[in-house]
Amino acid sequence: MTSVGAGFRLARAGWVLVREGVVAALPGEELSGMPKLGWRLARVLTRRRARSHLRGDRLAQAVVRLGPSYVKLGQFLATRPDVVGNDMAVDLALLQDKMHTFPKAEAVAAIEASLGRRIEDLYATFGEPVAAASIAQVHGAEVVRDGKASRVAVKVIRPGVRHRFFQDLESYFLAARLQEKYIPSSRRLRPIEVTQTLAQTTKVEMDMRLEAAAFSELAENTKDDPGFRVPAVDWERTGRDVITMEWIDGVKMNDLTGLAAAGHDLKAIAANLVQSFLRHTLRDGFFHADMHPGNLFVEPDGTIVAVDLGIAGRLGKKERRFLAEILYGFIVRDYRRVAEVHFEAGYVPRQHNVSAFAQAIRAIGEPIHGQSADTISMAKLLTLLFEVTDLFDMATRTELVLLQKTMVVVEGVARTLDPAFNMWKTSEPVVSDWIAGNLGPRGVLSDARDAGKALISLARQAPDIAVRTERLSREIDLMAEHGLRFDEATARAIGKAEARYTRSGRVALWIIALTLIYIAWRIF
C-alpha cells in the first residue's frame, strides 16, 4: 500500500512539473525514442501561461504547488551539479525558501510540547512570525534574565512537516529505484545513494537541537576570529522542535543600500566574508554551507553574523590538504603537483596516467593566468576542475561538491559587494598560513604526533585484533571446505525482498501510466 501511495504522489509531481513547463524547458533535442516522445508530449501539455516563463520561474512555480518538501529537494539538488548539471543547479539555487506562515497558536503548541513548559514561563513576550521557510518559521520574543529583558529569535518546526516529508521521501526513493532499473546510464550517478543523503541531511535539519549544536561548535571555533560570529544559543529554551537564539540587530547583506547608508566599507566586508569562510574550511574543517546573503547580517561595528545553520559542511584533514594543495598548485602553476595530489588522495583511479591528468589540469590553469586577478573566479576554477576529473573517473565526493557550491555562493556575494573583488589576493594569507602550518615543518611534527597516537591506539587493540584474526581464519577454512552457505531464514528473506521490489515497481509503473492516460483523456 505504501508503494501505491508513493506511486500516486510521484505521478502527481510529474504532472505538476509537466504542466508548469519544467520538463519542456529541459534540453531534449538530443533524446531519441520514447524519451524524445515524452519530452514532445510534455511541451504540448505545458500550460499556456508557463510557456513564456524562464526555466527558473517555472521551477519556482512548480515547487510552490508541490509543497515544502520539494523546496528542500530542489535546494539539496542545487548542491549536486554532478547529478543535475551546472545549469539546472544554478536554477535550483535560486529557489526561494519562503513559505506561508502558520498560525501563532500552532507554534505555541509545538514549543510547549517540545519543552514541556507553558509559553508564559518560557518567554516574557512571544510575537507573531517574522519569517517562514519550508521546515520552520521564526518568531520574535523576549526573555528575562537577572531582571533584564533581552530580545530573542525563536525558530519553530512547521507542524506536520516531518510526516509530509517522509511521505514524499517514499516517492523520491521509488523514482530513484525506477531510474536505476530502467536507465542504466544513470547508475553511475547513484540516485538511491543521493536520495539517502537527502533523507539524512533533512533529518538532521529537522532536529533543532542539532542546529543548536552546530551553532555552538562554530561559535567555539571562531571565538577569537576578527569580524565574524554566530548567534548565541539559549539551551534552556531549545528542544527537538524549537531553538531559541539571540536576536541579531544588523543589516542584511543583500541590502547594499542599507549597508552603504550605515557607513560600512563594502570592500572590507567582502574580504572578511571570504577569509572567514576559508578559515573555517581549512583550519576547522567545519563550515556554514548555506551562506547566501539572506542568512548574513552586518552589525554596526562591521562584524558579520551568520544565521540559519541547518546545513553545515565538514572536511577531513585529507580533504583540507587536498583543497589547499590544489589552490596553491594553481597559484604557482605546478600542474604536475596538482595532478599528484588527486592520485595521492585516492580520488583518481591508479589506472590513469598522472602526466595525462596533469595535461588536463594545465588546460584549466593556463587560461586563468592570462587574465587579470580580479576576473579569476576560484569557484569557476573548482567547477572546471571537477568537470575534468569526471573524464578521469573521479568518483563523486559529496563533501567536495558541497564545498564547491558554498564557495560559488560566497564568492558571488563578495563580488556583489565589490565588483572588482580579487579572490586570489584576498585568500592568499589564509591559504599560505594553513600551508605553512600543515605542509611545512610544523605540519610534519603534527603528522608525527598523529602517527604516534595511532600506533598507541593500535597497540592497545592488538589482543582484540589477534582474537578476531584467529576467528576469521577459522571461518575462511570452513568456507574453503564447505563453500558459502545461507541459512534457510536468510534465503527466504532474500527471496521475499526481491519479490516485493519487483512487484512494487510494476504496481508503481501501472499507477503512473494509468494516471497519465486519465489526465490526457480529460484534457483532450
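**Turns, helices and ring pairs in a predicted model**

With a relative accessibility of 85%, D146 counts as exposed (over 50% relative accessible area is exposed, under 20% is buried and anything in between is partly exposed, using a 1.4 Å probe and protein chains only). The model is a predicted one, so local features are reported only at pLDDT of at least 70 and side-chain atom pairs only at pLDDT 80 or more, while totals for chains, interfaces and linings use all residues. Residues are numbered from 1 along each chain as its sequence is written, and side-chain values rest on heavy atoms, with hydrogens and water left out.

D146 is found in the loop between β2 (136-145) and β3 (148-157); strands here are DSSP runs of E with at least two residues, helices are runs of H or I with at least four, and both are numbered from the N terminus. Its backbone is worth a look too: phi of D146 is near 55 degrees, a positive value in a residue other than glycine. Most residues other than glycine have a negative phi, and most peptide bonds are trans. D308, in the loop between β9 (304-306) and β10 (312-314), likewise has a positive phi near 55 degrees. At 25% relative accessibility, D308 counts as partly exposed. R333 joins the list, with a positive phi of about 65 degrees just after α14.

On the whole-chain level, the secondary structure comes to 21 helices and ten strands. Of the 524 residues in the protein chain, 44% count as buried. As for contacts (heavy atoms within 4.5 Å), take those with a separation of 6 or more: residues 24 or more positions apart account for 68% of them.

Back to helix α14 (residues 317-332): its 16 residues reach 22 Å from first C-alpha to last, close to the 22 Å expected at 1.5 Å a residue. The expected span is 1.5 Å times one less than the number of residues. Buried residues of α14 include F322, L323, I326, L327 and F330, and charged names such as E319, R320 and E325 are on the buried list as well. Helix α19 (residues 423-438) also has 16 residues and should span 22 Å, which agrees with the 22 Å between its end C-alpha atoms. Even so, α19 bends by about 35 degrees at P429, the bend being the angle between axes fitted to the seven residues ending there and the seven starting there. Among the buried residues of α19 are W424, V430, V431, W434 and I435.

What does R237 touch, leaving aside its neighbours within four places in sequence? The contacts are L115, L122, Y123, V143, R145, V242, I243 and T244. R237 lies in the loop between β4 (228-229) and β5 (242-246), yet counts as buried at 6% relative accessibility. A polar atom of the R237 side chain lies 2.6 Å from the backbone oxygen of L122. That makes a polar contact, meaning a pair of N or O atoms within 3.5 Å; within protein, one must be able to donate a hydrogen and the other to accept it, and residues adjacent in sequence count only if both atoms are side-chain atoms. Another arginine, R151, has its charged end over the ring of W247, 3.9 Å from the ring centre (the test is NZ of Lys or CZ of Arg within 6 Å of the centre and within 35 degrees of the ring normal).

The whole structure holds four aromatic pairs, where rings of Phe, Tyr and Trp (its six-membered ring) pair if their centres lie within 6.5 Å; planes under 30 degrees apart count as stacked, over 60 as edge-to-face and the rest as tilted. Y123 and F126 make a tilted pair, 5.7 Å centre to centre with 40 degrees between the planes, and both residues are buried. In the case of F343 and F357, the centres are 5.9 Å apart and the planes at 75 degrees, so this pair is edge-to-face. F343 lies in helix α15 (residues 335-344) and F357 in helix α16 (residues 354-369), so the pair ties together parts that are 14 residues apart in sequence. F343 and F357 are both buried.

E344 lies in α15 too, but is exposed at 52% relative accessibility. Leaving aside neighbours within four places in sequence, E344 is in contact with R337 and R350. H280, in helix α13 (residues 266-284), is buried at a relative accessible area of 1%. With the same neighbours set aside, the contacts of H280 are L218, T222, D225, F228, G285, F286 and F287.
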